[in-house]
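Got a protein model open and no idea where to look? Let's take a walk through this one together, a stop at a time.

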Amino acid sequence: MLSLRRVQRLYRCCPSLRFCSSELVHKDTLIEKLRKSFIDDERQNFVVPTFKKAMLYPDEIAVKDFSGEFTHFQLYITAKKLAIQISNFCGSASQSNVAFLCSNNALWIVIQWACWISGQVAVPLEPNQAADELIGQATDCKAKLLIGTPECEEMTQELATKLQTASIVLDHDFVPSSESVSSTAMYAKQLVGMKGTLIPESTLPNDYYANATAMLLYTPSSANGRNGVLLTHSNIEAQMRCLTASWHLNAGDSMLPIISMQRMHTAIGALLGVGGNILLQQKFDSHTAWSSLLGINSPTKQRVNIFVAMPIIYKLLIAEYDKMFAQDSRMVEYIINHCRQKTRLMATAFGLLPEAVFHRWREITGQSIYEYYGMLETGLVMGPALDENSNAEDYQPGTLGAPLVGVTARLVNSEGEQLVSCNSAGEIPTEVPLLSTVIGELEICGKHLFSLKSRRSVAAKTEEQQEQQSEEQQQPVEAQNEQQPQTVASPQLIFEQDVQQQPLATQQQPPTLIATQEAPQQDLQQTTTANELQQPCLGSQQDLPQQPQQQQAVVREEAPQLQLRRWPQRSVEEPKDDTEHFLKTGDICAYQNRSFHFLSKSSDVFNVGGYKIYGSEIKKALISHPSINDVAVLGIPNKMWGHRLGVICILSPDAEVDLEAIKSYCYSQLPAHKRPTVFKTIVAK
């Protein structure tokens, strides 16, 4: 009896111990307490990152890729393990740039989450870029660490050698099995109790993420040079809330995105944040994509009902349909019935959709392809509303609709004067006649959607970090070695002896090291004090599932600290207060009948014999040709006409079309004053 009373008294004094005794507490009870804690933090304007929200849906499928299915909790546990390795190199909450190369699969999300858990800035690099461009981006951001997956291992090692920095190669074997992490005991060990609430164990507090930088994204190279876009966690949270509200995302949704992860990361995060699941294709295959769209061999909960793809993908899917299904009347009927009943959104973004593709897709599936407008800085911000009053059959191609929830858009003239303004509620402060058309440069505004002030504060913080790093680098090496055992809280790496003995200065390339999952066990306190929760730290791997010894992450040795710098940003109007300012997009749009219509980039407007010609109109006419994948429109200076128009057409590898056929097709689509006079072709690889 005395022993029982002592145990009861111990439970009352040590709440974390009570939660760890998970067999006495149902998992759903822990989830609801954790959900309440997140809601309280959001009411205080703190940011709850997506990786923490994964704890609310531990047993639900989050991602399905070529390697298999992974639950939300599997991704969380894997990211937490990787975060410990990242902190070994970068330090915890140091806001260092961690660049990574990964194709469209579950590991992309794991690496992004791991960077955030460790308190670093995630810098995703597009693997399909030219090697020179990848080297330029990695050098420009001065990455402290490089992470790659097996298909990108060669390029990852090349970048690491170039930068003389550390690298990690990660594969799917690093992800624990669902059986090893499905127990209530394992779930409870990732939580700690504090004053009657639950928080994830060994992660940074949510108030840290309210102001911290989350990602550095690179725009494609242009004549103005390389441009990096900094996003804070608050920016990403605002973009995800915008899509969640506009698309009415919920746990029953399953999305198939065939757009680069750099552009779709907010949409993916928004759906994962509400418990939905994502289907990822590492390499596009039209047959596999059709199987996914039709729900073949997919459980009911994982059948795709949201499809987002680039315009070229829709062209390829139409070609596959004509080849495989068009002659089978029963299959034709099944496809149109399935898509009408099971799919609630088919959309495209970041590209021009030819009208011929739009109408043919509607014939095949009975669904309209909604066009959305977005940028790396803002995510998707304009497009058709998904509500009870919307009718897909009434949608017209080329219509961007109104701003999404929480977004304001306006058009300005060359002097910066506002011509028309519209927000997600449909309010139009400027009087515009119903049938009139207003043309101007598009500007976007939204609270926390992007933040000039936060970028400046991050840059100022970076300067302070530079000073601290330079002071640390000037300390004697012996002093650093004496201090290191006291500051390292995460598992130590097991270094090869020959690597330790070789001075870094004499190495021609960073030697390979092995970071195993076997690490010294550390004593963990059963309770966490308020002061400890404020410290940015990562916990031990003691409570993480152990993997077989052969599952290793290949790591390269850390080079001396690299200095961060500011990245040039797009022009943003100086804010008059702390809530609103407009971002200049550089795109020309028209506003008519309460809808925006994209016309062209401001740099693609040409003067031909007194006519103003939009390059996007020529491009849209040409890419409607089945054999043309993409088009570049050029304005060639001419003393008599102002400009002569030239086009470079990128043809599909199996295209059987000559230059004269392309000219004839172009002339049949465009009036005389808009027809190019110079044609060139390139065959895609």
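We begin at a small turn. In the hairpin of strands E25 and E26, two residues sit between the strands, and Gly 609 takes a positive phi near 60°. The strands on either side of that turn are E25, residues 605–608, and E26, residues 611–614; they run antiparallel and are joined by four bridges. If you want to pick out one partnership, look at Phe 606, whose bridge partner in E26 is Ile 613.

Before we go further, a word on what you're looking at: this is a predicted model. The protein chain has 23 helices and 29 strands. Of its 685 residues, 52% are buried. Now think about contacts in the chain with a separation of 6 or more: residues 24 or more positions apart account for 70% of them.

Next, a sheet. Three strands form an open sheet in the order E27-E28-E29, and the pairing is mixed. Which strands are at the edges? Those are E27 (628–638) and E29 (678–683), as each of them pairs on one side only. From one strand to the next, the twist averages 20°. Look at E27 and E28 (residues 642–651) in particular: they run antiparallel, with ten bridges joining them. One of the residues to find here is Asn 638, whose bridge partner in E28 is Gly 642. While you're looking at strands, here's a handy general idea: in a regular strand the side chains alternate between the two faces of the sheet.

This sheet has helices packed on it, too. Helix H22, residues 615–623, touches E27 and E28, and its direction makes about 145° with that of E27. Helix H23, residues 659–669, also packs on the sheet, where it touches E27, E28 and E29; the direction of H23 makes about 125° with that of E29.

Now for helices packing against helices. Two packed helices are described by the angle between their axes and the distance between the axes. Let's try that on H15 (residues 311–324) and H17 (residues 355–365): they pack at an angle of about 45°, and their axes are 10 Å apart. That angle makes H15 oblique to H17. The crossing of H15 and H17 is left-handed. Which residues make the contact? On the H15 side they are Tyr 314, Lys 315, Leu 317, Ile 318, Tyr 321 and Asp 322, and on the H17 side they are Val 357, Arg 360, Trp 361 and Ile 364. Sort the residues of this contact by type and you get seven nonpolar, three charged and no polar.

H17 has another partner to look at. Helix H16 (residues 329–342) packs with H17 at an angle of about 95°, with their axes 7 Å apart. That makes H16 roughly perpendicular to H17. Here the contact is made by Ile 335, Ile 336, Cys 339 and Arg 340 of H16, together with Glu 363, Ile 364 and Thr 365 of H17. The residues of this contact divide into four nonpolar, one polar and two charged.

Let's head inside. Why can we call helix H7, residues 131–141, largely enclosed by the rest of the structure? Because eight of its eleven residues are buried. The buried ones are Glu 133, Leu 134, Ile 135, Gly 136, Gln 137, Ala 138, Asp 140 and Cys 141. What covers them includes strands E3 (97–101), E4 (121–125) and E9 (213–218), along with helix H8 (153–163). Just after H7, you'll find Lys 142 with a positive phi of about 55°.

Two single residues round off the tour. You'll find His 233 in helix H12. Is His 233 buried or exposed? His 233 has a relative accessible area of 5%, so it counts as buried. Leaving aside neighbours within four places in sequence, His 233 is in contact with Val 47, Trp 116, Tyr 209, Ala 212, Thr 213 and Ala 214.

Then there's Leu 249, in the loop between helix H12 (233–247) and strand E11 (254–258). Leu 249 is buried as well, with a relative accessible area of 10%. Beyond its neighbours within four places in sequence, Leu 249 is in contact with Leu 243, Thr 244, Ala 270, Leu 271, Val 274, Ile 306 and Arg 344. Take Ile 306 from that list: Leu 249 and Ile 306 are 57 residues apart in sequence, but C-alpha to C-alpha they are 9.7 Å apart in space.

Note on methods. Residues numbered from 1 in each chain as written. Predicted model: local features only at pLDDT ≥ 70, side-chain atom pairs only at ≥ 80, totals over all residues. Heavy atoms only, no water. Axes fitted to C-alpha atoms, helices over the stretch in contact; angles between N-to-C directions. Parallel < 35°, antiparallel > 145°, perpendicular 65-115°, else oblique. Left-handed = near helix turned anticlockwise from the far one by under 90°. Contact = heavy atoms within 4.5 Å. Nonpolar A, V, L, I, M, F, W, Y, C, P; charged D, E, K, R; others polar. Buried < 20%, exposed > 50% of the residue type's maximum accessible area, 1.4 Å probe, protein only. Pairing = 2+ DSSP bridges.
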